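Reader: I have a few questions about how the terms are used for this model. Could you take me through them?

Author: Gladly, let us look at it together.

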Amino acid sequence: MARKKIGLIGAGNIGGELANLAMTRQLGDVVLFDIPAKENFAKGKALDLEQTSALLGKDCSVTGTSKWEDLAGADVLIVTAGIPRKPGQSRDDLVATNLPIIRDVADAAKKHCPDAFVIVISNPLDAMVYEYKRRTGGSRQKIVGMAGVLDSARFSLFLAREANASIKDVRTMVLGGHGDDMVPVLSHCTVNGVPIQKLVKQEALDKIVDRTRKGGGEIVGLMGTSAYYAPAFSAIAMAEAYLLDQKRLLASAVYLEGEYGYKDLYMGVPAVIGAGGVEKILELDLNDAEKAMLKKSADSVQKVVDIVKAST
Ligand SMILES: NC(=O)c1ccc[n+]([C@@H]2O[C@H](COP(=O)([O-])OP(=O)(O)OC[C@H]3O[C@@H](n4cnc5c(N)ncnc54)[C@H](O)[C@@H]3O)[C@@H](O)[C@H]2O)c1
């Protein structure tokens with residue numbers, strides 16, 4: 001069987017780390033794509049990583065390009081094209097810059113890699129993945145957004161530290177849009193089946209929910225730009241679930257067709273990812289407070305989607 005082809009659209013901070021992880025984990029041949037003005041940058045990063053593959057003994061190629069032809073037939077596309085936040089900005093502030101970029105990417109990807117499993121990372125995430133699907137007319141099985149895996153990892157880490165528990169035992173799910181209204185679902189959060197409320201006081205839980213919601217901004221405030229190690233690993237977990245048919249249950253931004261009472265909207269929900277892409281969406285029993293938070297989050301996403309729809 002030929003090696004898989006992994007196309008990474010955007011060779012910046014997340015794109016570079018995605019290439020590193022895809023090579024290290026030998027997911028397939030990696031093509032790192034950026035705009036013509038940054039073609040040499042993409043080529044240089046790719047060459048550096050391909051030389052790393054020699055050190056690690058990994059049989060895969062890593063190439064850089066600004067030509068979509070080089071991405072033809074990609075099995076997986078991970079899209080980070082666009083600008084990240086600067087301190088003080090919200091993800092929604094990026095819409096004017098990143099919308100034309102996501103449209104360009106969608107048009108080219110539709111032509112050159114129509115069969116790829118696509119994971120969008122660019123912000124504002126839920127609106128960008130919505131626009132990607134609208135523009136390409138692709139299926140919801142094959143077009144997802146990455147946010148919930150990352151937000152759940154942040155939530156798990158903060159809880160593990162507070163509960164003095166192993167990170168291996170903490171199970172969490174963060175649903176809704178990838179913004180400050182996201183919904184860390186405390187009612188389904190356990191340490192290997194033990195409800196988190198048995199181990200952590202409500203006051204501390206409230207602080208952790210708040211820190212999770214602002215988790216991306218905390219890093220932007222420290223570094224002056226967005227996180228990239230954990231975002232890249234989160235998307236690689238989704239890509240691996242697809243490529244290796246792992247049937248993993250991952251919080252993913254998925255196009256909703258009535259689930260949780262929402263339609264024609266991308267938002268984070270628990271989804272099974274396997275060889276069929278998004279194979280199943282699970283509907284959790286949320287309590288009334290969580291339902292209300294999800295509504296608030298959906299309303300926030302809808303506002304950005306409305307801006308996107310109005311600017312055709
Ligand atoms: N979904 C999430 O959880 C999450 C987490 C962190 C960051 N992000 C977002 O991911 C995006 C990328 O972040 P980053 O830190 O890698 O940014 P970055 O600036 O380091 O890299 C982005 C790259 O995209 C390239 N680009 C611009 N237009 C392009 C086009 N038309 N085609 C191909 N490439 C193009 C740029 O030249 C740049 O190299 C940002 O929008 C950021 O907000 C999302």
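Reader: What makes the pair formed by the ligand and the side chain of N98 a polar contact?

Author: This is a predicted model, and in it an oxygen atom of the ligand is 3.5 Å from an N or O atom in the side chain of N98. A polar contact is a pair of N or O atoms within 3.5 Å, so this pair counts. The ligand also has an oxygen atom 2.8 Å from a polar backbone atom of I83, and one of its nitrogen atoms is 3.0 Å from a backbone N or O atom of I121.

Reader: How much of the ligand does the protein bury?

Author: The protein buries 90% of the 860 Å² that the ligand exposes when taken alone.

Reader: And where does the ligand sit?

Author: The ligand sits in the largest pocket. More than half of its atoms must lie within 2 Å of the grid points for that wording to apply.

Reader: Which residues are the closest to the ligand, and how many surround it?

Author: There are 27 residues around the ligand, and the closest are N13, D34, K38, I83 and M146. By class, 15 are nonpolar, 10 polar and two charged. Helices α1 (13-24) and α3 (95-112) each supply at least two residues of this shell.

Reader: Why is the pair of F33 and W68 called tilted?

Author: Five aromatic pairs turn up in a search of the whole structure. For F33 and W68, the ring centres are 4.9 Å apart, and rings pair if their centres lie within 6.5 Å. Their planes are at 45 degrees; under 30 would count as stacked and over 60 as edge-to-face, so the pair is tilted.

Reader: What makes you say that this pair ties together parts that are apart in sequence?

Author: F33 lies in strand β2 (residues 29-33), and W68 is in the loop between β3 (62-65) and β4 (76-79), so the parts tied together are 35 residues apart in sequence.

Reader: Which backbone features deserve a look in the loops?

Author: Most peptide bonds are trans, and most residues other than glycine have a negative phi. The peptide bond from N123 to P124 is cis, with omega near -5 degrees, and P124 is in the loop between β5 (117-120) and α4 (125-136). D245 is not a glycine, yet has a positive phi of about 50 degrees; its place is in the loop between α8 (229-243) and β12 (248-257).

Note on methods:
Residues are numbered from 1 along each chain as its sequence is written. This is a predicted model: local features need pLDDT of at least 70, side-chain atom pairs count only at pLDDT 80 or more; totals for chains, interfaces and linings use all residues. Side-chain values use heavy atoms; hydrogens and water are left out. A residue is near a molecule or strand if one of its heavy atoms lies within 4 Å of it. A polar contact is a pair of N or O atoms within 3.5 Å; within protein, one must be able to donate a hydrogen and the other to accept it, and residues adjacent in sequence count only if both atoms are side-chain atoms. Accessible areas come from the Shrake-Rupley method with a 1.4 Å probe; for residues, only the protein chains shown count as cover. On a 1 Å grid over the protein atoms alone, a cavity is a set of points where a 1.4 Å probe fits but cannot get out, and a pocket is an open set with protein on both sides within 12 Å along at least five of seven lines; lining residues have an atom within 4 Å of a point. Helices (H or I, at least four residues) and strands (E, at least two) are DSSP runs, numbered from the N terminus. Ala, Val, Leu, Ile, Met, Phe, Trp, Tyr, Cys and Pro count as nonpolar, Asp, Glu, Lys and Arg as charged, and the others, Gly among them, as polar. Rings of Phe, Tyr and Trp (its six-membered ring) pair if their centres lie within 6.5 Å; planes under 30 degrees apart count as stacked, over 60 as edge-to-face and the rest as tilted.
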